[in-house]
Amino acid sequence: MPDRTRVAVIGAGPAGLLLAHLLDRSGIESIVIDSRTREQIETTIRAGILEQGTVEVLTETGASDRVLTVGQKHEGIELRFAGEGHRIDFTDTVGRAVWLYPQHEVLKDLVAARLAAGQDIRFGVTAQRVDDAETNRPRVIAEDAEGNPVEIEADIVVGADGSRSVAREAVTGTHGGYFREYPFAWFGVLCQAPPSAEELIYSNSPNGFALISQRSPDVQRMYFQCDPHTDTEAYTEEQLWEILQSRVPGTTLTEGPIFQRDVLRFRSFVAHETRRGRVVLVGDAAHTVPPTGAKGMNLAVCDVVLLADALRALLLDRDESLYDAYPEAARQRTWKAQHFSWWMTNMLHLQPDAGDFDRMRQIGELRAVVESRAGSTYLAEAYTGWPIQESIHR
Ligand code: DHB
């Protein structure tokens, strides 16, 4: 006999867990499954920047208070090029801010909230496919950690299972999506050192891009542009510091032991369809952005806020209008964020085939942004996040 619930959620990442949390607040029961263990979910290092609207959703719905105490409010970023830093002041331009609060901390808060509320969350359960999308009883076919079959029948199945989504096929069939690959990746490090700057530095240098971010008073996160095939062990610690220092000319980074390395791929993707019948995609399963604009987790949160409204109307009031409007409402924001992420990426990175003209044009573009109130305001507005309410069609 299959398990039965109202909403079956595949994936215990930010999208899946926040959706379950919002539904629970409206008395809508759900089951969340994830192939990973709780420990894997809570320790995997991911992005770090939350838009103001994301922070408001987390705090106002009781999902996280720690974001305000452990997280750090950032009221600007530095764009560095041609040997100089230029601050984009978020407060002055748009009166909004972002918070540095790593994704795995958000996940710890959401898992804790879910377990405290006695909600059903199953770790080590791997979804294999979704059946019967176009009926009123879609089903998740899965397997637990011991290889036993698991079947969950629901009113709605939500694919919140990331860029390698298993649920996606039930929605898009063979249609796939809009796709762009970039000829570079990021080499990310975590190091034991005090911060090198008070705010994030996004640096365009003749040697390629670097991002100087932070984690805590004694742990820092930094990235530099690399070839997508780079091995994480390709460099010694000394070489890594040499590369990082050379990418932020005019600044000296405070060095310390590097204790974690990873290579992040760069892709832009939007699924052609995000809903079929009773199966819906949210977050990275529906779209992936390159990391330069810090949009990934924030887009997932916006999808989920819209979908929670739509599911409340559908499941509690039998009103299908918001559910029908969901794909287009989510898509409009997705494409604005796709553009912003693509723009930041191209403005800041060195293309492998760039000539002198391209390099000089990029510096002209950066000057046009930092020297113009309109240019800085656009960047600040997109980075801190367009208001979430704007996307809700009622
Ligand atoms: C971090 C990651 C990003 O992609 C970004 O744009 C800013 C910060 C981070 O991991 O700290």
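This report covers the ligand site and one small sheet of a predicted model.

Residues are numbered from 1 along each chain as its sequence is written. Local features need pLDDT of at least 70 and side-chain atom pairs pLDDT 80 or more, while totals for chains, interfaces and linings use all residues, and side-chain values rest on heavy atoms, without hydrogens and water.

**Ligand site**

The ligand is surrounded by 14 residues, where near means a heavy atom within 4 Å. Tyr-202, Ser-213, Arg-215, Tyr-223 and Pro-291 come nearest. Three polar contacts (pairs of N or O atoms within 3.5 Å) are tabulated here.

| Residue | Protein atom | Distance to a ligand oxygen atom |
|---|---|---|
| Arg-215 | polar side-chain atom | 2.8 Å |
| Tyr-223 | polar side-chain atom | 2.5 Å |
| Pro-291 | backbone N or O atom | 2.7 Å |

The protein covers 98% of the 300 Å² of accessible area that the ligand has on its own (Shrake-Rupley method, 1.4 Å probe). Among the strands (DSSP E runs of at least two residues), β15 (208-216) and β16 (219-226) each supply at least two residues of the shell; β15 gives the most, with three.

**Sheet β3-β7-β4**

Three strands form an open, antiparallel sheet in the order β3-β7-β4, pairing being at least two DSSP bridges between strands. Because β3 (49-51) and β4 (72-74) are edge strands with a single partner, one side of each has no neighbour in the sheet. Three bridges join β3 to β7 (residues 98-100), and Leu-50 stands opposite Trp-99 in β7.

Notes:
A polar contact is a pair of N or O atoms within 3.5 Å; within protein, one must be able to donate a hydrogen and the other to accept it, and residues adjacent in sequence count only if both atoms are side-chain atoms. Helices (H or I, at least four residues) and strands (E, at least two) are DSSP runs, numbered from the N terminus.
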